[in-house]
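Visitor: I should like a close look at a single part of this model, namely the site that the database record annotates. Please describe its residues and their surroundings in one connected account.

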Amino acid sequence: MQNSRPYRMEGGYINEDNIEEEMEPVMDGEGGQMKSMNGQKYVINHRQHDGYYVSKSCAILWLLSVLAALLTVFFLTYFLTVPSTCPIENVHYETDKTYISSIVGDRVARQHETVHTNGNDNDDEYYKDDSSRTNDKENDEIKLYEGWNPIEYDLVIEPNFDNGKSNGTVTVSVMQDEAVKGLKPIVFDINGVKIVETKVTNVKTNKSVPFEGKVDSTNQSYFIVLKKSKDSLGNLSIYLSFVSNLTDTLQGFYRGKYKDSEYEDEQWYASTQFSPIDARRAFPCIDRPDKKAIFKISLIRPLKYATALSNMPHSESIIERDGHMREVFEPTPKMSTYLIAFHISNLHKSNITRDNEINLPTVNIYTRKEVSGMTNYAFQLTRDILSYLQHYFKIKLNLPKIDLVAVPDFGFRAMENTGLITFKEAALLVPEVNRKSASAAHKVEVAKVLAHELTHQWFGNLVTMKWWTDLWLKEGFATYFSYKCLNEIKPEWRLLEFFPFVESRGAMSKDSDRFSHPISFDVNHASDIRRIFDPISYSKGAAIIRMINSFLGEDAFQHGIESYLKKHEYANAVQDDLWNAFTITGHKYKTLPKDLDVKKIMDTFTLQAGYPVLHVEKNGSTIVLRQQRLKLPFPDKNDTSRWYIPITYGTKNSPGTEIPKEWFSNDEETLVMNDIVTEDEWIYFNVNRTGYYRVNYDLASWQKLIYSFNELPPITRAQIVDDAFYLSRAEMLEYEVPVTLLVISGNDPFDVLTWSAYESGITFLTRMLRREPAFEHFRGLMKAIFKPVFDQIKFSESDEDDDLKVTHRAKMLKLICDFKIDRCTYAAQRIFREWIANRNENKIPPNLKHVVYCTSIREGGVPEWTFAYERYKETTNMNEKQIILSALGCTSEVFLLTKYLNLTIDPTSGIQKQDGALAFESVAKNHMGFEVAFDFLFTNIEYIAEYFGDGFSTLSKMIDSVTTYMNKEYHQQQFERFAKKARKLGLKAIEKSIHLAEEQIQNNVEWRNRSYYKLQKYLDKVIKDLKINVY
């Protein structure tokens, strides 16, 4: 693999690789310029180097001499040492003890009888992880081997912070799978792990078992091929010693540094992130969710690091050697490898932990010392959430403790490891000096993350999907219950009312693409497994669970969950197991027709991609329904997808209920409903939007709903707004409907649900129109709507405002300031300048920080940007850091945007890897920055892939965001060049992201070619009819 370190230049980073292909060097004297393909010039300074010079012939002779010497040494070494080609036969040592060199330099005695070396003296070759950078499809494939099941792991592991390696031993008890005939190899998953020694013993006879050990051609699997004997049958004990990477990519067992006021120097820490398939980076294991086992874990830590944690409580400390302690933890319950976790650091244990008071696990929180005062909010909520979940599921959480660890640099928002949940600091910590110390939005997000991860202790940890095919079984439930339980604990937030316009809408946005994937589908490649951690698995999973909850009713739903969890606890399940449980309770409670089962309904939503639009045609008192898949960029008449749809509705005289009154079978072309509404009465379908579908009406019905808009229930108002904008985008409805709704909604700026529904539609149109002539009239219309709105909501907060109101105000002000309404932008800049004048006292209300920071940096220049970046480096509040990161991308100065992107891949900038995608997206979603972002991504793609790794889809998120404004044919051509380069580099992990991005650009191009001109014409008419001054 070629070195991909970047050249640093004032205009950006340029890769060394393929530099001749992508640059035109023009040198002049001691300096010169390099011109990129887009014409941007980069200055390179050259200087004379001191040293000695030799002639060409002398240099060649010298090189030949060195080569000959190296070859001599190689052959002597080869023939005079023990050959170690792989595979090798068992090597038996005569001595009782074999001493293995510890990774930290000491020698630790271990007893071995049978030793296997991996046969390659090039350690780097074994430690290398190229799984995300290959053209070889086989290397990306996840192969599942049957024949043996793990019973127990006894793992001892020691990280070396200095050299980035871990050494350890693992003893695995395995038993033969009776369902598999023959004596199969025992296969361990590895990734960058070097197997040093192997020993196989029969548990019953305690005799060695002869075997042959080998690593496969991709360095992803370690085979133990047993030789037939009486001792190779029954339960076996596999002893493996190994060396693995202590990575820098936030994957597997990884290391990092953090600053804390408690210490003068930066402090090392080591933490884990094994989900979905990265336990194999830390130690050899059968890394599959269905291969559950008990784990005994011991960590060897240097004494200078006081905190050592794992899934279970600490059992004992043993002096390992001078300066090192072995920390032993209690055995875990039966669990999957992706849920194993351990952590070594000097993080501080929060002082608010109390003894168990209400039959719950002990809760401990670990943070940097200087932010330990921000843990009380999470602590109190954790206890409330656990209490609710235990009561709802009717299953006590059988864990003695739950540690919540705020990891200084962490790839996901959080990870639900059994008994040791890890978080980004911003996803756990909330400053609570007073009510105004943290924004309401931040408190809600922290609560949702906590509820999500705690729900996983049942859905995912207690009952685990058999394979990643059914990832949604854990992520869908965790997402749904993060709303459901908080709706009980914090009813003033009205989270279940917002669910359709956050989760359902987010899922539908992805699910309307032509190449969306089913929620449950076979995955057998690493890139596929990582890719399905997306809105389809999370948000669509949650949306269809909410739909089941609504059509079964609360009692049947709750008892179905209880039955499912109890039947499969400490084991695995597939989606049919869930369908069976719900069918039984649905029939018991008589909410599900006897001739219908849940599988028949739900397979139509999980085994095929997409979702339906329910077309409603009203003829007098008769309603005719038909269904069609919503597919961007326009309807596909040849698509015959059908769903089993629960039909709910409400009328002016008959409020609707969530229990279906009809079922629209996937076998029927139409459904006719007679006498459910009077001729003059309005009707709406999909009550509370509990069904996973959109609704389109005939024009007369749309007009009645618009005319009676204020009479409709709040969720229904928001629902028809969201449906209208998206149906117009898909060419199923004229833009006259959503624009009319937008005009009439300006009369009620505090209709929080309706304005939440507008947000997505307004954002899409703003991005598509931003560089078009029609933007003048669109902006004029928005200013006409928002000016009176600003007069009502104002740029200030009251002590009487609840969390919902202050959050809504912040969102509205962001929209208003984005359209550059003077009174909004001036107010934001005034508050920001007051902060600059008194930098030690930030009086900006937390709820308004994002709009104030972004607006002031966009309307300002270098002083504002530099001030914000300096505050970013100074603050210890991670939520504040993330707000600033988002705002730094708001600047209109192109050179500052370029500088900012450079900082995201500079380890000394203070921008952590966990925030790389956030910073990049803030530039890519800035209409002044998306081309800068694309140029940066194109130029540095290889280095970015290497710097961030493939564990958290950072590069995929960048690719997705960079398409935001791409809606022209030349954008397609540019992206094709980018895709060609990525494929040439063998970046397998982002292949699907590239494909989806190409689809997104195509959708944007089609919208511009087909819908733009119709919208432009209608906007012209609106401006003229309403006599709006656009200036």
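Guide: The account below begins with the whole chain and then turns to the annotated site.

The model is a predicted one, in which local features need pLDDT of at least 70, side-chain atom pairs count only at pLDDT 80 or more, and totals for chains, interfaces and linings use all residues. Residues are numbered from 1 along each chain as its sequence is written, and side-chain values use heavy atoms, with hydrogens and water left out.

The protein chain comprises 30 helices and 38 strands, where helices (H or I, at least four residues) and strands (E, at least two) are DSSP runs numbered from the N terminus. Of its 1031 residues, 61% count as buried; buried means under 20% relative accessible area, exposed over 50%, and partly exposed in between, with a 1.4 Å probe and protein chains only. Among contacts in the chain with a separation of 6 or more, 72% are between residues 24 or more positions apart, a contact being heavy atoms within 4.5 Å.

For the site itself, an unreviewed UniProt entry lists His452, His456 and Glu475 under "binding site". Although these residues are spread over 24 residues of sequence, they cluster in space, with a largest C-alpha distance of 8.3 Å. The unreviewed UniProt entry also lists Glu453, under "active site". UniProt positions are given in the numbering used here, feature names are shortened, and such annotations may be inferred rather than shown by experiment.

Helix α6 (residues 440-455) contains Glu453, and His452 lies in α6 as well. Glu453 counts as buried because its relative accessibility is 6%. Leaving out residues up to four places away in sequence, Glu453 touches Ala414, Met415, Glu416, Ile421 and Phe423. His452 has a relative accessibility of 8% and therefore counts as buried. With the same exclusion of residues up to four places away, His452 touches Glu475, Ala478, Thr479, Ser482 and Tyr538.

Glu475 belongs to helix α7 (residues 472-489). With a relative accessible area of 2%, Glu475 is buried. Apart from neighbours within four places in sequence, Glu475 is in contact with His452 and His456, and also with Glu416, Phe533, Ser537 and Tyr538. Glu475 in α7 thus meets both of the histidines listed with it under "binding site". Glu416 appears among the contacts of Glu453 and among those of Glu475, while Tyr538 touches His452 and Glu475.
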